[in-house]
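Work through the exercises below with the sequence and coordinates at hand. Each task is followed by a solution in steps.

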Amino acid sequence: MEYDSSVHSIECPKCGHGMEEVSYGSDLLIDRCTNCQGIWFDKGEATLLKSKWMGEALDTGKASEGRKWDSVENVACPRCGQEMNKVSDPDQPHIVYEVCQEHGMYLDAGEFTDLANETPADWFRKIFKAPRGQ
Ligand SMILES: [Zn+2]
Ligand SMILES: [Zn+2]
C-alpha cells in the first residue's frame, strides 16, 4: 500500500510503501511494512522484546520476500532521514540489517526468525550500547 501519512505510521525505508503499527502484549509496538513485511524497531521498543517467540510472532513475512530487499543500498532512517549503517551479525553473517544508532533498526522479513541461539534482549544489547544508568 502506498505510503499515506494519515493511515501509516512511517514510510518503509526500503520499498517506500506504508508501515503500520503492530502491537504485541501491553507495551510493545513495532512498525511493519504493508508491502515487503520488513520490520522497524524503535530503539526503546527493541529492548522490550524479551523472548524469541515474541519476535517470531511479529516477523510474519517470508524470508524469500525479505531477501529481495537485502541488496537495497543507502537505506535512510525513517525517523531522521540519515543513511543507516548496514550491520551484519557477527555470529550469523548472512543476516544483515540496518541500524540508526539514534532511532532504531530495520529488519527484512524473515531475518528476525532467522536469528538463532540468542534472545532478542542479548542481541539488541549487542547492537545498541545501553545508556548509562540503565
Ligand atoms: Zn517495505
Ligand atoms: Zn535516525
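The exercises go from the overall fold to single residues.

**Conventions**

This is a predicted model, in which local features need pLDDT of at least 70, side-chain atom pairs count only at pLDDT 80 or more, and totals for chains, interfaces and linings use all residues. Residues are numbered from 1 along each chain as its sequence is written, while chains are lettered from A and ligands numbered from 1 in the order in which they are written.

**Exercise 1. Confidence**

State the average pLDDT of the protein chain, and find which elements have the lowest and highest means.

Solution. Step 1: pLDDT is the predictor's confidence in each residue, from 0 to 100. Step 2: the average over the protein chain is 84, and 90% of the residues score at least 70. Step 3: among the elements, H5 has the lowest mean, 72, and S1 the highest, 96.

**Exercise 2. Elements and sheet**

List the secondary structure of the protein chain and derive the strand order of the sheet.

Solution. Step 1: helices (H or I, at least four residues) and strands (E, at least two) are DSSP runs, numbered from the N terminus. Step 2: on this basis there are 5 helices and 7 strands, in the sequence pattern β-β-β-β-α-α-α-β-β-β-α-α.

Step 3: two strands pair if DSSP finds at least two bridges between them. S1 and S2 are joined by 2 bridges, S2 and S3 by 6, and S3 and S4 by 2. On the other side of the order, S5 and S6 share 4 bridges, and S6 and S7 share 3.

Step 4: the result is an open sheet of 7 strands, ordered S1-S2-S3-S4-S7-S6-S5, with antiparallel pairing. Strand S1 (10-11) and strand S5 (85-88) are the edge strands, each pairing on one side only.

**Exercise 3. Register and hairpins**

Identify bridge partners in the sheet, and give the number of residues between the strands of its hairpins.

Solution. Step 1: isoleucine 10 stands opposite methionine 19 in S2, and methionine 19 in turn stands opposite cysteine 33 in S3. Step 2: the hairpin of S1 and S2 has 6 residues between the strands, and its glycine 16 takes a positive phi near 80 degrees. Step 3: the hairpin of S2 and S3 has 3 residues between the strands, with glycine 25 at a positive phi near 65 degrees.

Step 4: S6 and S7 also form a hairpin, with 3 residues between them. Cysteine 100 has glycine 104 in S7 as its bridge partner, and lysine 86 stands opposite glutamate 98 in S6.

**Exercise 4. Burial and the nonpolar core**

Determine what share of the residues is buried, and describe the largest nonpolar core.

Solution. Step 1: a residue is buried if 20 or more other C-beta atoms lie within 10 Å of its own, exposed if 12 or fewer, and partly exposed in between, with C-beta atoms placed from the backbone. Step 2: buried residues make up 33% of the 134 residues. Step 3: 4 of the 5 residues of S6 are buried, so S6 is largely enclosed by the rest of the structure.

Step 4: a nonpolar core is a set of buried Ala, Val, Leu, Ile, Met, Phe, Trp, Tyr and Cys residues joined through C-beta atoms within 7 Å. The largest one has 26 residues, of which Ile39, Trp40, Phe41, Met84, Met105, Tyr106 and Leu107 touch the most other members. Strand S3 (28-33), S4, strand S6 (96-100), strand S7 (104-107) and helix H5 (120-127) each give two or more residues to this core.

**Exercise 5. Isoleucine 39**

Where is isoleucine 39 placed, and which residues does isoleucine 39 touch?

Solution. Step 1: isoleucine 39 is in strand S4 (residues 39-42) and is the bridge partner of arginine 32. Step 2: isoleucine 39 is buried, with 27 other C-beta atoms within 10 Å. Step 3: two residues are in contact if their C-beta atoms, placed from the backbone, lie within 7 Å. Not counting residues up to four places away in sequence, isoleucine 39 touches Ile30, Arg32, Leu58, Asp59, Leu107 and Phe112. Step 4: leucine 107 is 68 residues from isoleucine 39 in sequence but 5.2 Å away in space, C-alpha to C-alpha.

**Exercise 6. Positive phi outside glycine**

Are glutamine 37 and asparagine 74 buried or exposed?

Solution. Step 1: glutamine 37, in the loop between S3 and S4, has a positive phi near 65 degrees. Glutamine 37 is buried, because 22 other C-beta atoms lie within 10 Å. Step 2: asparagine 74, in the loop between helix H3 (63-68) and S5, has a positive phi of about 55 degrees. Asparagine 74 is exposed, with 9 other C-beta atoms within 10 Å.
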